[in-house]
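Student: I should like to understand the terms used for this structure. Please take me through them.

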Amino acid sequence: MNQPMRAVMIGELARRALSDGATGKVMGVTSKGMFLAAGERILFVTDADYKSPFNIQVPEYTNAAAGLEAGETWRFDSGELIFGSQAIRIDIGNAQTWQLTPPPEMLTSISDQLARMEGLLRRTAAIDPSKGWLFLAVPSASNGLGDESEGTRIRRMTADFLNSVKREDLEGSLEQARSILGRGGGLTPSGDDWLSGFLLYHARSGGKTPFLRDLETSLTAMAIERTTKISANRIEAVCQGRAEELFLEVIDHLFDPQREFSDLQVKRLVNFGHSSGVDTCVGIWAALAIN
């Protein structure tokens, strides 16, 4: 039997999903990682070093992916992920568990946070103005949609959603969310990422009202029905304040004026997913813009 590859880090939600006897299937294999279905939870095996509640970081991921295809079965036994006929194994027993870090004290006003967020989005636009829904926050950005009417629809539905939220109109908010969820391409469509950023800001800031709690519950249930399982997992997690470390760092940068956001971090936002990094940040901006 081949020696197992060793995971060096695992996200908190991934760790919870892997108990002895757990089984599942490979959802898909890409150049960046391998998606695993574990019941209703989606895990991501990757050699990328970014921290996420769902990730299992395996420096030898390229080897792990060789020969694996969607539909391949896996099981978890004695600290190891075992694929198919045990030809491929990943030992997570000694992997460090990455857990949610608490936010810093909020030392800035909402207007200051909005200004800092808009500055950050302008920096992303300087690298690639065509990313996702950046045009919502940076008027000079080119959305690259190729169809002006689609951009107009996105502007209208997101504005209507935010207006309904501001009025604490749950029915109106959900009516617009039905059109936003699943809008765009990829494993986590732009509309899902935008909503994730909006919800994450409120969870991270501790500013939840009874209305927002009801909205979170309804959006999580709606996501399960209307979008990808990966997106639904992400939306459920951000409602608990759980997200990739990069986005926690964005919000912490808004709260604490001493926390800078480096050019390298901005590049990582631009390159995160197809447009997920930028779209999540535009959602954070939207949460601030309606205050």
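**Helix packing and strand pairing**

Tutor: The axes of helix α3 (residues 110–127) and helix α11 (residues 276–289) cross at roughly 155° and come within 9 Å. Axes are lines fitted to C-alpha atoms, for helices over the stretch in contact, with angles from 0 to 180 degrees between N-to-C directions. This is a predicted model, in which local features need pLDDT of at least 70 and side-chain atom pairs count only at pLDDT 80 or more, while totals for chains, interfaces and linings use all residues. Residues are numbered from 1 along each chain as its sequence is written, and side-chain values use heavy atoms, with hydrogens and water left out.

Student: Why is α3 called roughly antiparallel to α11?

Tutor: Angles over 145 degrees count as roughly antiparallel. The crossing angle is roughly 155°, so α3 is roughly antiparallel to α11.

Student: Which residues of α3 and α11 make the contact?

Tutor: Contact means heavy atoms within 4.5 Å. Among them are Ile110, Leu114 and Met117 of α3, and Val278, Trp285 and Leu288 of α11.

Student: What makes β1 and β10 edge strands?

Tutor: Each pairs on one side only. They belong to an open sheet of 10 strands with mixed pairing, in the order β1-β9-β8-β7-β3-β4-β5-β6-β2-β10.

Student: How do you know that β2 and β6 pair?

Tutor: Two strands pair if DSSP finds at least two bridges between them. Strand β2 (residues 9–11) and strand β6 (residues 55–57) have 2 bridges, in the antiparallel sense. Isoleucine 10 has isoleucine 56 of β6 as its bridge partner.

How values were computed:
Helix = DSSP H or I, 4+ residues; strand = E, 2+ residues; numbered from the N terminus. Parallel < 35°, antiparallel > 145°, perpendicular 65-115°, else oblique.
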